[in-house]
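Colleague: Could you take a close look at a single helix for me, and then work outward from there to the rest of the model? A connected account would be more use to me than a list.

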Amino acid sequence: MTHGHGIPPTTTIAPADKRYAALSRGFNQRWIARPDYVRLTGSPDGVARALSEAVNQEGGHPDRTRITVRSGGHCYEDFVCGDDVRVILDVSPMCGIYFDPALEAYCVESGATNWHTYSHLYPLSGRALPGGSCYSVGTGGHITGGGFGLLSRQQGLTVDYLYAVEVAVVRPDRSVELVLATRDDPDPDRRDLLWAHTGGGGGNFGVVTRFWFRDLPEPPSKVLLTARSWNWSDFTKEEFAKLVTAYGEYFRDHQDPEEASGKLFAMLKLNHMSNGEIGLLAQVDDDDPQGAKALEHFLDSVDGRIRPKSAQMAAPMGEHPPVQGMRVPRRLPWLTATQAINSSGENRCGKYKSAYLRRPFSPAQIEAMWAYLGKEHYTDYVNKEALIQVDSYGGAINRPPRPTAVPQRDSILKLQFQVYWKRVEEEADVNRHIAWIRDIYRKTFASTGGVPAIGEATDGCYINYPDADLGDSSWNGSGDRWSKLYYKDAYPRLQRVKRRWDPLNVFHHRQSVELPADGGS
């Protein structure tokens, strides 16, 4: 069975349909499209037919030419929902999860969300993808960009387990083909197509319909989960520096995924001071006999060496509501813990930036973060949902079992700069939100051209947190193009895959993989 009973192969939503307004936007309500129609697809054959029709028909508006693909709708930029979009192909009805004996692998259809995958795959198989914490993110984009989450330091990235992918591609004659590409395919072009979906990003080569995974890991039966916060007003610059330095040094020094400390995952929420709190969330494998001791040591290393006293988390922080009642670590079944922190935030607009760190924060970076989190600049800026989220990284991620298109494999921290606002806000206020995130990012990475350039301390950006500013020289003065910041040396190979499988450049946006300029590599 490849899709649910009673789901039609395609459903067309035109502008007059009452569903059109909801389906012409995604998670980030900053971007709302006005396509000729939205086509929901319920099967791989339905995808192929819908794509063929979209590619071979005339558009209704000369400025709307792009065909885009949506799984969960979490693209942060206007790559899926933009003013130039003619057709949105929505694969969300395809959310089946099952074991496929023919490929000896677990199949996850591309419309399944993270939570659907966890809540269906784990009860049936005892296995899980080491994916993200936001429940409504669609696997179609999450996996193709690399996919990481709370189990990744222990078990790697989602793409480390990807065995096969099925993609609807457009041939040079504008016909459409459903291509199954496996890791061990005898055809090198198909092997390359599979590889490109292990970190090359969504919406670049075709429409993914299904993923297959082999040797999926088993999550812990139980984890220890803690969430706590500190009052911003209790911090001096010295205490702030102690906190972020201790956090970075802990993950620099604990990178072995065989040890409990190397399995431990944490998020440090450096909110703008108007939030009132700085937050910390941490989880460790409780099946490991040393798990409790590792968490105790981590909390002592980070929380125990600063003067401010931590308390229960009370404020929402970015995409997460306050996780309450867990200042003292709680022992929970893995699926229960995953649900406890699973969130995607409210309906709102946002802007995002990212960075990989190979080293703990430098004094200059700490100075900039302190200043622009409202202590010296933006002191009158009030936005409780403006923050830098610092995720732990590395461990098993830095020991991939085989090459993938994710090139950042020796970092210790992953940063997500976030700012949110309501769609009803005045333009001047919106501009202030965007100015804040641009300024704090540019100042944090001032020594490398305003972005985390490829170098000894920083290692570029995450394609699943896309940032159109990386293509603008007024914000990126590093000399590293956006393509290098995302893909490093993997980019020329991705371009060759693009030329082979999407030669007409049907799937494109401001930061899509480009066709090779010279027709070569």
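Modeller: In this predicted model, the buried residues of α14 are Tyr491, Leu494, Gln495, Val497, Lys498 and Trp501. They lie on the same side of α14, because the arc they cover around the axis is only 160 degrees. What do these buried residues of α14 pack against? Their partners are two strands, β7 (162-170) and β8 (176-182), and two helices, α6 (188-196) and α13 (482-487).

The segment after α14 (491-501) contains Asn505. Phi of Asn505 is near 55 degrees, which is a positive value in a residue other than glycine. Asn505 counts as partly exposed, because its relative accessibility is 26%. Another residue with a positive phi is Glu104, where the angle is near 50 degrees, and Glu104 too is a residue other than glycine. Glu104 sits in the loop between β5 (97-100) and β6 (105-109). With a relative accessibility of 54%, Glu104 counts as exposed, so its class follows from the cut-off of over 50%.

Next come single buried residues, beginning with Gln283. Gln283 belongs to strand β12. Its relative accessible area is 4%, so Gln283 is buried. Setting aside neighbours within four places in sequence, Gln283 has contacts with Leu150 and Leu151, with Val223, Leu224 and Leu225, with Lys263, Leu264 and Phe265, and with Trp334 and Ala337.

Gln283 also takes part in lining the second largest cavity. Leu150, Leu151 and Trp334 are in that lining as well, and they are among the contacts of Gln283. The rest of the lining is made up of Tyr118, Leu129, Pro130, Gly131, Gly132, Ser133, Thr338 and Ile341. By class, the lining of this cavity has 7 nonpolar residues, 5 polar and no charged. The space in the second largest cavity is about 90 Å³. The count of cavities of 30 Å³ or more comes to 5.

Beyond β12 (277-285), in the loop that runs between this strand and α9 (291-302), lies Asp288. Is Asp288 buried or exposed? Asp288 is buried, because its relative accessible area of 11% falls under the 20% cut-off. Not counting residues up to four places away in sequence, Asp288 touches Glu258, Glu259, Ala260 and Lys263. Lys263 is thus a contact of Asp288 and also one of the contacts of Gln283.

Arg39 is another buried residue, with a relative accessible area of 8%. Arg39 is placed in strand β2 (residues 37-41). Between Arg39 and Asp90 there are 5.9 Å in space, C-alpha to C-alpha, while the two are 51 residues apart in sequence. Asp90 is also in contact with Arg39, as are Ile88 and Leu89. The other contacts of Arg39, leaving aside neighbours within four places in sequence, are Thr10, Thr11, Thr12, Ala50 and Glu53.

Turning to the open pockets, the largest pocket has about 240 Å³ of space. Of the 19 residues that line this pocket, Arg25, Gly26, Phe27, Gly72 and Gly73 are the closest to its centre. The classes in its lining are 4 nonpolar, 11 polar and 4 charged. The second largest pocket has about 210 Å³ of space. Its lining is formed by 13 residues, and those nearest its centre are Val55, Thr65, Ile67, Arg86 and Arg174. Here the division is 4 nonpolar, 5 polar and 4 charged residues.

That leaves the cysteines. A disulfide is a covalent bond between the sulfur atoms of two cysteines. How many disulfides does a search of the whole structure find? The search finds 0. Cys75 is in no disulfide, and the nearest cysteine sulfur, in Cys81, is 8.3 Å away. Cys75 is partly exposed, with 24% relative accessible area. For Cys349, the closest cysteine sulfur is again that of Cys81, and the separation of 12 Å is too far for a bond, because a disulfide needs the two sulfur atoms within 2.5 Å. Cys349 is buried, at 2% relative accessible area.

Technical notes
Residues numbered from 1 in each chain as written. Predicted model: local features only at pLDDT ≥ 70, side-chain atom pairs only at ≥ 80, totals over all residues. Heavy atoms only, no water. Helix = DSSP H or I, 4+ residues; strand = E, 2+ residues; numbered from the N terminus. Buried < 20%, exposed > 50% of the residue type's maximum accessible area, 1.4 Å probe, protein only. Arc of directions from axis to C-beta. Contact = heavy atoms within 4.5 Å. 1 Å grid on protein atoms, 1.4 Å probe; cavity = no way out; pocket = protein on both sides within 12 Å on 5 of 7 lines; lining within 4 Å. Points joined across faces, edges and corners; volume = space filled by probe spheres on them. Nonpolar A, V, L, I, M, F, W, Y, C, P; charged D, E, K, R; others polar.
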